[in-house]
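Me: I would like to go through a protein chain step by step, from its inside to its sheet and helices. Could you take my questions one at a time?

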Amino acid sequence: MSPPPPNYEFQEWWNKERFKAQGLLAPYPSPPAAAAAVDASADAAAVDVSTPTTPAAAGKSRGRSPRQLSWLLLLRLHHSAAIIASLPSRFLTLLRTAARRISTATRRPSPVSRLYRLIRAFLVLAVVLLALELVAYFKGWHFSPPSYASSAEALELIYANWLVIRARYLAPPVQMMVNVCIVLFLVQSVDRVVLVLGCIYIRLRGVKPVAAVDYGSQGDLEVGGAVNVEDYPMVLLQIPMCNEREVYQQSIAAVCIQDWPRERMLIQVLDDSDDMDVQNLIKAEVQKWQQKGVRILYRHRLIRTGYKAGNLKSAMSCDYVKDYEFVAIFDADFQPAPDFLKKTIPHFKGNDDLALVQARWAFVNKDENLLTRLQNINLSFHFEVEQQVNGIFINFFGFNGTAGVWRIKALEESGGWLERTTVEDMDIAVRAHLCGWKFIFLNDVKCLCELPESYEAYKKQQHRWHSGPMQLLRMCFLDILRSKVSFSKKANLIFLFFLLRKLILPFYSFTLFCIILPLSMFLPEAHLPAWVVCYVPGIMSVISILPAPRSFPFIVPYLLFENTMSVTKFHAMISGLFKFGSSYEWIVTKKLGRSSEADLVAYVEQDPEPSIEDGNIHRSSSESGLAELNKLEVTKKAGKTRRNRLYRKELALAFILLTASVRSLLSAQGIHFYFLLFQGITFLAVGLDLIGEQVS
């Protein structure tokens, strides 16, 4: 039998791998020896590369010998050793960051909340119980628990009494709470699965709202070669803002370049800023667009009450509002596309009972850091699944407060903007729904906006978003019961919209995974099944990430981070439900000005300015007072130095979970240990403000 032909392709690959391994694993030679080795390696490489490869050899697959696999294993081990060797330096960096955060936090004490006091007491109890369990473990009491009668020493007597107390008095109520939370967890999971199935049905059947007219194709609107502007309804566009240094230019520009007849729309810039520099900058921007022929007004309230609701209410009280049929609202960091009105307004044609057309949000900074990626997962599910399904099947969802168009008649009949809660958008939506009005959600119409990039800004935003619904539930519960809508709509509002998705979700998430789970480690008689800790949350995370499939690599951080945010959401929910002091706190979400401003500028440069006689042109402040405005622009980045914070509730919960993980390790509970360990590390990272934008 003739020998097999030589495998030149394998020989070439093997030589390359061998020289790589020599460079990584060989001991450091002396300088002359190193130079000789490099020369020899270069010569050998040159010989191997120049070796011809036969066609027959090229067609054969590569084989790997045991010696080759050994070298590969050594390479992998070297790479792993390099990673392990870098861990101490990374750990020291983490410690230095933590020390810096702690020293900063001690210089800026903040008031202690009731929830933090309870968590701190729980932490002290967990540490004491862990110390007792460690003593019992090393004395062997876990294998042969001491009885009350046979206890000889004081510590053994204490442990024997503890076993009796936890079995008779503590474990039963904790087990009952476990069962209640499991039921709530399963109900919420079923609700989420039903929403996903509804979304799948919408996609498969191609169900979506269809407009009666199309302003994009203007063939029917042409009269004598010109557009008949009378066919375009009068639209009022509002931009509420407050001290928006970073985003006021692009937000005003995006609204001003709407592809809509200029005589059929009016823009209101509703500025609630208390900074004179910001006011002057916004005034100059408004005057600049006025010179381009855009009908735009600047309004500033002298009495700034009611936050955003008060601002919108004041703007709607103007006499000229009665001339307009619709109002579009855009927050300061939102940039609608030029065809936004042409895609939303047509849906009102022929739908006299339609009150709201809501567009979807799209994020310009969703890939900026881990925090924005996780927010994108959460909000993608909210828009594409929750709001789209509710809009298609029941014609109702919560107004998002921006990127939507309202029928002014519906606003007036529903009572207008009220200042009674921090979620004025949800308030007007519920009242309009009780009056019989319908809503439409357009998943294919997107409005660009910005996500909070720092954990501090995101935490404050989530606190307002979860305390406001509880305020509203207290105020409108009786109104829902007395309304004339059908029983199914009342049930949907009370049980699904408010209780299940706004109250039960943060309650069981915090109680089950942050309190009961670590507590059950010290009370083994209260059992929490592994499928509740791991399997069902994993399935729910996969379902939640389906609308954002590119974020699938972040599924584990998403699961852990959502549990971490439950402490903020639970605190906000309790504050809103029982009218604690922080429930009515409104802090404008910090923006960084990340936007598609370059696209807007390019569009404006292509848009020819209207021909206006020179006698009617007045130079705007940005031109006549250029030097003064340049000084104001310089101050846009000036101000207080922002620092990362230390979050005490998250840190206390981190130590509770890590303490419970040690206790679960003593009992050899695998899944519980890993979940508690990784969840505790996540709480620790969030508590040290190591997620999101690092500002100092």
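Me: Which residues touch the most other members in the largest nonpolar core?

Reply: This is a predicted model, and its largest nonpolar core has 149 residues. The largest share of this core, 16 residues, is supplied by helix 15, which covers residues 487-522. Among the core members, those that touch the most others are Ile 252, Trp 406 and Val 430.

Me: How many residues are in the other core that lies apart from it?

Reply: Apart from the largest core lies another one, and its members include Ile 377, Tyr 455, Tyr 458 and Met 565. The number of residues in this other core is 13.

Me: What percentage of the residues in the protein chain is buried?

Reply: A residue counts as buried when its relative accessible area is under 20%, and the chain to which this is applied has 696 residues. The accessible surface of that chain comes to about 34400 Å², with 61% of it belonging to carbon and sulfur atoms. The buried share of the residues is 48%.

Me: What is the order of the strands in the open sheet of seven strands?

Reply: The protein chain holds 22 helices and nine strands, and seven strands form an open sheet with mixed pairing. Strand 5 (296-300) and strand 9 (438-449) are the edge strands, each pairing on one side only, while neighbouring strands are turned by 20° against each other on average, with direction ignored. Read across the sheet, the order is 5-4-3-6-8-7-9.

Me: Which residue in strand 9 is the bridge partner of Leu 356?

Reply: Strands of a sheet pair through backbone hydrogen bonds, and they can do so in a parallel or an antiparallel way. Here strand 7, made of residues 354-363, pairs with strand 9 in the parallel sense over nine bridges. The partner of Leu 356 in strand 9 is Phe 439.

Me: At about what angle does helix 8 run to strand 5?

Reply: Helix 8, residues 276-291, lies across strand 3 (235-241), strand 4 (265-271) and strand 5. Its angle to strand 5 is about 160°.

Me: How far apart are the end C-alpha atoms of residues 176-202?

Reply: An unreviewed UniProt entry lists several spans as "transmembrane region", including residues 118-138 and 176-202. Residues 118-138 are 100% helix and 0% strand, and their end C-alpha atoms lie 31 Å apart. Residues 176-202 are likewise 100% helix and 0% strand, and here the distance between the end C-alpha atoms is 40 Å.

Note on methods:
Residues numbered from 1 in each chain as written. Predicted model: local features only at pLDDT ≥ 70, side-chain atom pairs only at ≥ 80, totals over all residues. Heavy atoms only, no water. Core = buried A, V, L, I, M, F, W, Y, C linked by side-chain atoms within 4.5 Å. Buried < 20%, exposed > 50% of the residue type's maximum accessible area, 1.4 Å probe, protein only. Helix = DSSP H or I, 4+ residues; strand = E, 2+ residues; numbered from the N terminus. UniProt positions renumbered as here; feature names shortened; annotations may be inferred. Areas by Shrake-Rupley, 256 points an atom, 1.4 Å probe, with all protein chains shown as cover. Pairing = 2+ DSSP bridges. Axes fitted to C-alpha atoms, helices over the stretch in contact; angles between N-to-C directions. Contact = heavy atoms within 4.5 Å.
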